[in-house]
Amino acid sequence: MYADLNGKVAVITGGSKGIGNAIAQRFGQEHMKVVINYNSDPEGAQKVADAILDQGGQGAVTVQADVATEAGVQAILDAALTNFGDLDVWVNNAGMEIKAPTHELTLADWNKVISINETGVFLGSKAALAYFKAHKKPGNIINMSSVHEQIPWPTFASYAAAKGAVKLFTQTIAMEYAKDGIRVNGIGPGAINTPINADKFADQAQYDQTVAMVPMNRIGKPEEVAAGAAWLASSESSYVTGITLFIDGGMTLYPAFKDGQG
Ligand code: NAD
């Protein structure tokens, strides 16, 4: 628990399930007031809000919005200001992936992945930065990247390109706004048990293949990613900006070498 988070206002995009759900719940446990954005799953988002309130949370509201649009991002900011009167932490978590060999990837699918994973992070960060600047607040932005900001991923070129962009975008705005006391960091999850991986992990062979790429030999839990988000949001990480915090069981450590080959 981080005492300084008590009463702070946080936005989590894509918060109706998976990692976003876990971050929203963890922030609720930290006694933060939480805005849960969803795009297409109002029931899921409401369940997250209800769970936070049932556990004695200070506040939780849901807001429908597509993070790839300026109007959507404005609606999320408005929800924070209307319900809680302030903004302290903005988590750009919403994301999705489309698998296709690159020579068959359609322009529409490329644009979709880039617009949610990359442009959505830009729009969310821009809205938060403008608010923090206007109110002279030492705000905090957390961008959900991936191990694939570093590890190439054949047949997921649009996703890897977007996450690579998120890495340098995060580093750049961390530098740009450090003088304002605003901290901006990324999180790079490895293989985490969420709906985005449901089909893959339902297939035992693919599950085993994924586990084999993790030196710690297991799939991660959304709560383990949420723990990193809470630390980055808190003043316990007060001298940290521009990093990617990999939460990946060692997946970025070249696991092919794990038994001393090479
Ligand atoms: P998920 O599919 O469970 O959740 C993604 C959320 O984003 C969903 O709630 C979805 O509705 C929302 N979303 C998608 N498009 C949106 C839009 N246009 N506007 C608003 N919300 C939208 O996936 P997850 O695993 O929880 O992923 C969360 C983040 O973590 C993503 O950015 C993903 O790329 C990243 N990530 C996940 C893993 C993993 O193994 N699960 C690994 C690395 C990175």
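Buried means under 20% relative accessible area, exposed over 50%, and partly exposed in between (1.4 Å probe, protein chains only). The model is predicted, so local features need pLDDT of at least 70 and side-chain atom pairs count only at pLDDT 80 or more, while totals for chains, interfaces and linings use all residues. Residues are numbered from 1 along each chain as its sequence is written, and side-chain values use heavy atoms, with hydrogens and water left out.

**Exercise 1.** Work out whether L107 is buried or exposed, and where it lies.

*Solution.* Start with the area: L107 has a relative accessible area of 61%, so it is exposed. Next, place it: L107 belongs to helix α4, residues 107-134 (helices, H or I, of at least four residues and strands, E, of at least two are DSSP runs, numbered from the N terminus).

**Exercise 2.** Classify the ring pair of Y131 and F132, then that of W153 and Y159.

*Solution.* Grab the rule: rings of Phe, Tyr and Trp (its six-membered ring) pair if their centres lie within 6.5 Å; planes under 30 degrees apart count as stacked, over 60 as edge-to-face and the rest as tilted. The structure has five aromatic pairs. For Y131 and F132, the centres are 6.4 Å apart and the planes sit at 70°, so this pair is edge-to-face. Both Y131 and F132 are buried. For W153 and Y159, it's 5.6 Å centre to centre with 70° between the planes, again edge-to-face. Y159 is at 9% relative accessibility, so it counts as buried. Finally, ring pairs tie W153, F156 and Y159 into a cluster.

**Exercise 3.** Find which parts of the chain the salt bridge of K137 and D88 links.

*Solution.* First, the cut-off: a salt bridge is a side-chain nitrogen of Lys or Arg within 4 Å of a carboxyl oxygen of Asp or Glu. K137 and D88 pass, at 2.9 Å from N to O. Now locate them: K137 is in the loop between α4 and β5 (140-144), and D88 is in the loop between α3 (70-84) and β4 (89-92), 49 residues apart. Both K137 and D88 are buried.

**Exercise 4.** Do the same for D180 and K133: which parts of the chain do they link?

*Solution.* Check the distance: the closest N and O atoms are 3.2 Å apart. D180 sits in the loop between α5 (157-177) and β6 (183-189), K133 in helix α4, 47 residues apart. Then accessibility: D180 is partly exposed at 27%, and K133 is partly exposed at 41%.
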